[in-house]
Amino acid sequence: MTRVLHVLDHSLPLHSGYTFRTRAILKAQEGHGLEVRGITGQRHNLEAAVTGAREKADGLVFHRTPGTPSGPPALRELGEIEALASAIIAMADEWRPDIIHAHSPALCGAAAERAARALGVPFVYEIRAFWEDAAVGNLSGTEGNLKYRLTRALETRVARSADALFTICHGLKDDLAARGIPADRIRVMPNGVDLTLFGDPPPRDAALAAELGIGPQAPVIGYIGSFYAYEGVDDLIAAMPLLRRTHPDARLLLVGAGPMDAAWRAAAAALPEPEAVIFAGRVPHSAVERYYSLVDVLAYPRKAQRLTDLVTPLKPLEAMAQRRLVAASSVGGHRELIADGITGTLFAPDDPAACAAALARLLEARGAWEAIKDRALAHVRERHDWALNARDYLSVYHLLLAGADSGGATRLAASTG
């Protein structure tokens with residue numbers, strides 16, 4: 001049985017879009033007969049209570065790199081790479097992988113490449129986002145500064161060195177191609193969902209609605225996710241007075257937390273009718289379905305910037321899989337997932353008036369809702385089902401292993417997959 005080690009920034013039991021994608025990949029690969037494990041770098045230990053060198057979460061095995069990042073910039077990152085590479089090589093004494101498959105950021109990729117070369121196994125690299133752009137999007141970095149340029153250069157170097165290279169969307173692929181990496185070497189493994197986790201949508205939770213002060217006939221716009229600046233929820237808050245001119249009972253339900261929590265609460269408090277916006281805070285993952293049950297339209301008003309134009313998010317696909325209406329800003333990442341008027345609704349980014357107008361049109365078109373939901377769910381089943389998409393990993397792995405066994409070249413072009 002082929003063994004694949006996934007090298008990760010963080011993993012379950014932490015909850016994030018990153019860990020949910022990882023879970024879906026590993027579960028799908030197990031379903032296709034692979035033996036899989038994960039290993040996390042030191043940054044996982046900053047957020048999680050690590051109790052040992054190995055941990056099981058949701059039936060999956062994750063190894064942990066000891067320690068936490070320390071030291072001055074640059075030296076700290078080099079230390080992280082060295083620690084993770086050493087941990088991979090050490091765990092190979094117990095569980096020898098046939099493939100090392102690293103996932104961004106580039107620190108994971110650099111460590112995985114070093115370990116793969118030492119162990120003599122193929123190295124696969126998968127880019128989920130450019131982390132220098134993510135830092136700009138969450139206001140922790142500045143575009144074009146030294147750290148930004150160094151992170152970008154490391155990403156490019158690791159991508160060039162991989163025996164096989166994946167991105168999660170065409171925006172990232174096109175950007176790498178513009179850096180001189182041949183486009184035929186870059187495969188796209190789109191974001192997806194584990195459809196076994198989604199059954200029939202739950203009925204409306206009337207008790208929760210009453211607790212939150214939402215009337216039985218009130219149209220509810222929802223945002224469920226992280227509170228980062230690039231998500232653009234401030235534009236959604238600003239759209240509410242405009243939407244309530246035609247739909248005076250409309251409410252905005254915000255579920256989650258993050259760095260922008262205080263700023264967005266202040267923006268809502270300054271509205272003429274602050275009761276239009278309800279902050280539910282962070283809720284346990286097991287309770288999220290209760291909040292989904294109250295929402296008529298899930299809104300994703302991401303701002304226009306490199307991060308959102310290049311990267312496809314996971315949340316809209318999860319909403320479609322649950323037969324929920326989706327309205328989103330027309331940034332590049334959303335346009336890859338949503339066909340306007342067919343599987344969802346798109347509106348101009350950074351424009352509260354455009355957002356309000358699109359939401360009003362959707363609320364007034366109830367007769368079309370079921371058809372939109374049907375088409376959206378069909379789209380997810382056809383294009384974004386991990387059980388189907390994960391088969392593309394297998395073809396790449398088999399070619400890499402065949403090349404390694406024959407002593408031939410293992411670097412693959414996408415056209416060979």
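# Rings and a bent helix

W131 has a relative accessible area of 28%, so this residue is partly exposed. The model examined in these exercises is predicted.

**Exercise 1.** Determine how many aromatic pairs a search of the whole structure finds, and work out which geometry the rings of Y18 and W131 adopt.

*Solution.* The search, carried out over the whole structure, gives ten aromatic pairs. For Y18 and W131, the ring centres lie 6.2 Å apart and the planes meet at 85°. Because planes over 60 degrees apart count as edge-to-face, the pair belongs to that class. The next step is to place the two residues: Y18 belongs to helix α1 (residues 17-31) and W131 to helix α5 (residues 131-137), so the pair ties together parts that are 113 residues apart in sequence. Finally, the accessibility of Y18 is 10%, and because buried means under 20%, Y18 counts as buried, whereas W131, at 28%, is partly exposed.

**Exercise 2.** Classify the pair that F227 forms with W264, and find which residues belong to the ring cluster.

*Solution.* The centres of F227 and W264 are 5.1 Å apart with 50° between the planes, and the pair is tilted. F227 comes from the loop between β9 and α9, while W264 comes from helix α10, so this contact of rings ties together parts that are 37 residues apart in sequence. With a relative accessibility of 1%, F227 counts as buried, and W264, at 2%, counts as buried as well. Following the ring pairs outward, one arrives at a cluster that links F227 and W264 with Y223, F279 and Y300.

**Exercise 3.** Describe the span, the bend and the surroundings of helix α9 (residues 233-246).

*Solution.* Begin with the span: the 14 residues of α9 reach 21 Å from the first C-alpha to the last, which is close to the 20 Å expected at 1.5 Å a residue. Turn next to the axis, which bends by about 35° at M240, with the proline P241 following within four residues. M240 is itself one of the buried residues of α9, which also include V233, D235, L236 and R244. The elements covering these buried residues include the strands β9 (220-224), β10 (251-255), β11 (277-281) and β12 (297-300), together with the helices α10 (261-269) and α15 (352-363).

**Exercise 4.** Identify which arginine lies over the face of Y18, and which has its charged end over the ring of F130.

*Solution.* For Y18, the arginine is R128, at 4.1 Å from the ring centre. For F130, the charged end is that of R179, 4.4 Å from the centre of the ring.

Terms used:
Residues numbered from 1 in each chain as written. Predicted model: local features only at pLDDT ≥ 70, side-chain atom pairs only at ≥ 80, totals over all residues. Heavy atoms only, no water. Expected span 1.5 Å × (residues − 1). Bend = angle between axes of the 7 residues up to and from the residue. Buried < 20%, exposed > 50% of the residue type's maximum accessible area, 1.4 Å probe, protein only. Contact = heavy atoms within 4.5 Å. Phe/Tyr/Trp six-rings, centres within 6.5 Å; stacked < 30°, edge-to-face > 60°. Lys NZ or Arg CZ within 6 Å of the ring centre and 35° of its normal.
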